[in-house]
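Work through the following exercises with the sequence and the coordinates at hand, and compare each step with the solution given.

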Amino acid sequence: MSVTIFHNPRCSKSRETLALLEQKSIQPDIIEYLKTPLSAEQISTLVQQLGFSSVRELMRTKEDIYKELDLKNEHDESALIAAMQAHPKLIERPIVVNNNKAALGRPPENVLSVL
C-alpha cells in the first residue's frame, strides 16, 4: 500500500490524521505542500480523486488571501488552480491518497475510506 498525505504540521487536523495513519501501522509518504507547492496537474488530479465537482471544493475559503484575491467572484477553474499554486495555503488539508482515491481528513476518520 502506497499512501501519501499532503500535510501541514501546524494544522491540528493534519497532525491528527497523520497520527491516525500511524496508529493503523501505515507510514505514508509525507508531502508538506507549503514547502513543496503542488503543480496545476497535481491539484487537478486531487480534485478528481476526491470526487469534487469543482476546484473550489478544495479551497480554504476563509483564508485572508482568498478574500484579498476576490476568489469568490472567480469562476475560471484554471484561475482557481493558479491561485492555489501561487498560494498553497489556499489548499484544504490534510489530503490522503491511496492508489487512485483520495479523502480529505476533516474529520480525520474520513481518510479510513481510502485505506
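## Salt bridges and burial

Glu32 is partly exposed in this predicted model, its relative accessible area being 26%.

**Exercise 1.** Determine which side chain Glu32 meets in a salt bridge, and classify that partner by its accessibility.

*Solution.* The salt-bridge criterion asks for a side-chain nitrogen of Lys or Arg within 4 Å of a carboxyl oxygen of Asp or Glu. The side chain of Lys35 satisfies this with Glu32, at 3.4 Å from N to O. Lys35 has 65% relative accessibility and therefore counts as exposed, since the cut-off for that class is over 50%.

**Exercise 2.** Explain how Glu16 and Lys13 are placed in helix H1, and describe their pairing.

*Solution.* Both residues belong to helix H1 (residues 12–23), where they are three residues apart and so separated by about one helical turn. Their side chains meet in a salt bridge of 3.8 Å, N to O. Glu16 is partly exposed, with a relative accessible area of 38%, and Lys13 is likewise partly exposed, with 28%.

**Exercise 3.** Find the salt-bridge partner of Glu92, and state which parts of the chain the pair ties together.

*Solution.* The partner is Arg106, the closest N and O atoms being 2.9 Å apart. Glu92 lies in the loop between helix H4 (77–86) and strand E3 (95–98), whereas Arg106 lies in the segment after strand E4 (101–104), so the pair ties together parts that are 14 residues apart in sequence. At 14% relative accessibility Glu92 counts as buried, while Arg106, at 32%, counts as partly exposed. As a last step, Glu92 and Arg106 can be placed in a network of salt bridges that also links Arg60, Glu63 and Lys89.

Methods. Residues are numbered from 1 along each chain as its sequence is written. This is a predicted model: local features need pLDDT of at least 70, side-chain atom pairs count only at pLDDT 80 or more; totals for chains, interfaces and linings use all residues. Side-chain values use heavy atoms; hydrogens and water are left out. Helices (H or I, at least four residues) and strands (E, at least two) are DSSP runs, numbered from the N terminus. Buried means under 20% relative accessible area, exposed over 50%, partly exposed in between (1.4 Å probe, protein chains only).
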